[in-house]
Amino acid sequence: MADLRGGIDLGGTKIQAAIVDASGEARGEARRPTPTEGGPADVTAAMAEALGEAAAGAGVEPAALAGVGVGSPGDADERTGVVSSARNLPGWEGSFPLGETLAEALGTEVKVGNDVQVAVEGEYALGAGKGFGSLLGVWWGTGVGGGIILDGKPWLGRGAAGEIGHIVVERDGAKCPCGRRGCMEAYAGRAAMEAEARRRHDEGHKTDLFKLMHKHDKPRLTSGIWERALDHGDKLAEKLIERAIEALGTGVASACNVLDVEAVVIGGGLGERFGERFMEPLSTEMSKHLFVDDDPPQMRVAALGDLGGAIGASLLVGH
Ligand SMILES: [Zn+2]
């Protein structure tokens, strides 16, 4: 069974595990809610459990896998398997040897990479980025992450490349969750959009966003809530999405001016839900800022779906 690999997408709300064969097909899968209490050891135990269940579904022991790849939030060191400052995970402000600990629990080799970068690598190998030599992945979700493939190879820089969410689209602009000002994420990230919606709502702007959130029993303004509000013609939702698209167009075009990639793949929670719907306005916004505007990059929406992060992570095995 050495041609089967494991992949785990470690998110702030859920852990998604998959067993993937040599052609990139998932043979088994399982998910768990991410523990909200405890620390890195508890999160790692839940990851081992999810992987074990996915392996059972594929009829294989974890120890018989060629290895397991993990896409992790925070600062994930691909060389050492250490993950630091994963602030959306419980008690994970410091550093934790995730690769080593999980390898011990599973009895097989474990490779750790950045969650967005491995999802982009998955799209490059098997999904929307297939056939392109260079691409930029833009993961539009709670934050805005990115991943880069140049000449067929992942570009990690010194480890922190691809942070497209923190391209500055307005000097001294809106406050970003990273603490700086004017980043693309400060306008386009789901968390920042929710904060802005709340601020404007408190100022007296009319919107059904929060009513819809309560009605559907959601703890936050999910991509589904934004979609419902847009479908109802909610003016504030329309305005804030438009503002997000403008920021995305500015930031993504700026990155393209530097990298000149063949394609841009839009993924993430908001990206997958709204990619098709807003591809045209996004391209229009980009064209205002593209230096070479007669040959824009191909625009694609991520195609691997829910399992994309785990499938991409599995490709770390053998890196
Ligand atoms: Zn920022």
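These are my notebook entries on a zinc site, some salt bridges and a sheet in this structure.

**Entry 1, ground rules.** I am working from a predicted model, in which local features need pLDDT of at least 70 and side-chain atom pairs count only at pLDDT 80 or more, while totals for chains, interfaces and linings use all residues. I number residues from 1 along each chain as its sequence is written, and side-chain values use heavy atoms, with hydrogens and water left out.

**Entry 2, the zinc ion.** I looked up the protein donors of the zinc ion and found H166 (ND1), C176 (SG), C178 (SG) and C183 (SG), lying 2.0 to 2.3 Å from it. Donors here are N, O and S atoms within 2.8 Å of the metal (3.2 Å for Na, K and Ca), and I keep in mind that water is not among the atoms, so sites may look incomplete. The angles among the 4 donor atoms run from 103 to 114°, and the site is tetrahedral, a label given to four donors if all angles lie between 85 and 135 degrees. For reference, the ideal angle for four tetrahedral donors is 109.5 degrees. Along the sequence I read the spacing of the donor residues as H-x9-C-x1-C-x4-C.

I then checked accessibility for two of the donors, taking buried as under 20% relative accessible area, exposed as over 50% and partly exposed as in between (1.4 Å probe, protein chains only). C183 is buried at 2% relative accessibility, whereas C178, with a relative accessible area of 31%, is partly exposed.

**Entry 3, salt bridges.** I noted 16 salt bridges in the structure, each being a side-chain nitrogen of Lys or Arg within 4 Å of a carboxyl oxygen of Asp or Glu. One of them joins R32 and E49, with 2.8 Å from N to O. This pair links distant parts of the chain, since R32 sits in strand 3 (residues 26-33) and E49 in helix 1 (residues 40-58), 17 residues apart. Helices (H or I, at least four residues) and strands (E, at least two) are DSSP runs, numbered from the N terminus. R32 is buried at 19% relative accessibility, while E49 is partly exposed at 46%.

I turned next to helix 5 (residues 190-202), where E194 and R190 are 4 residues apart and so separated by about one helical turn. The closest N and O atoms of their salt bridge are 3.1 Å apart, and both E194 and R190 are buried. In helix 5 I also found R200 and E196, again 4 residues apart, with a salt bridge whose closest N and O atoms are 2.9 Å apart. Salt bridges that share partners join E196, R199, R200 and E203 into one network.

**Entry 4, the sheet.** I traced an open sheet of 5 strands in the order 3-2-1-4-8, with mixed pairing; two strands pair if DSSP finds at least two bridges between them. Strand 3 and strand 8 (110-114) stand at the edges, each with a single partner strand, so one side of each has no neighbour in the sheet. Strand 1 (residues 5-10) and strand 2 (residues 14-20) run antiparallel and are joined by 6 bridges, and I picked out I19 in strand 2 as the bridge partner of G6.

Helix 2 (residues 98-106) packs on the sheet, touching strand 1, strand 4 (68-72) and strand 8, and its direction makes about 145° with that of strand 8. Contact means heavy atoms within 4.5 Å, and axes are lines fitted to C-alpha atoms, for helices over the stretch in contact, with angles running from 0 to 180 degrees between N-to-C directions.

Note on methods: Tetrahedral: all angles 85-135°; square planar, octahedral: opposite > 155°, others 65-115°.
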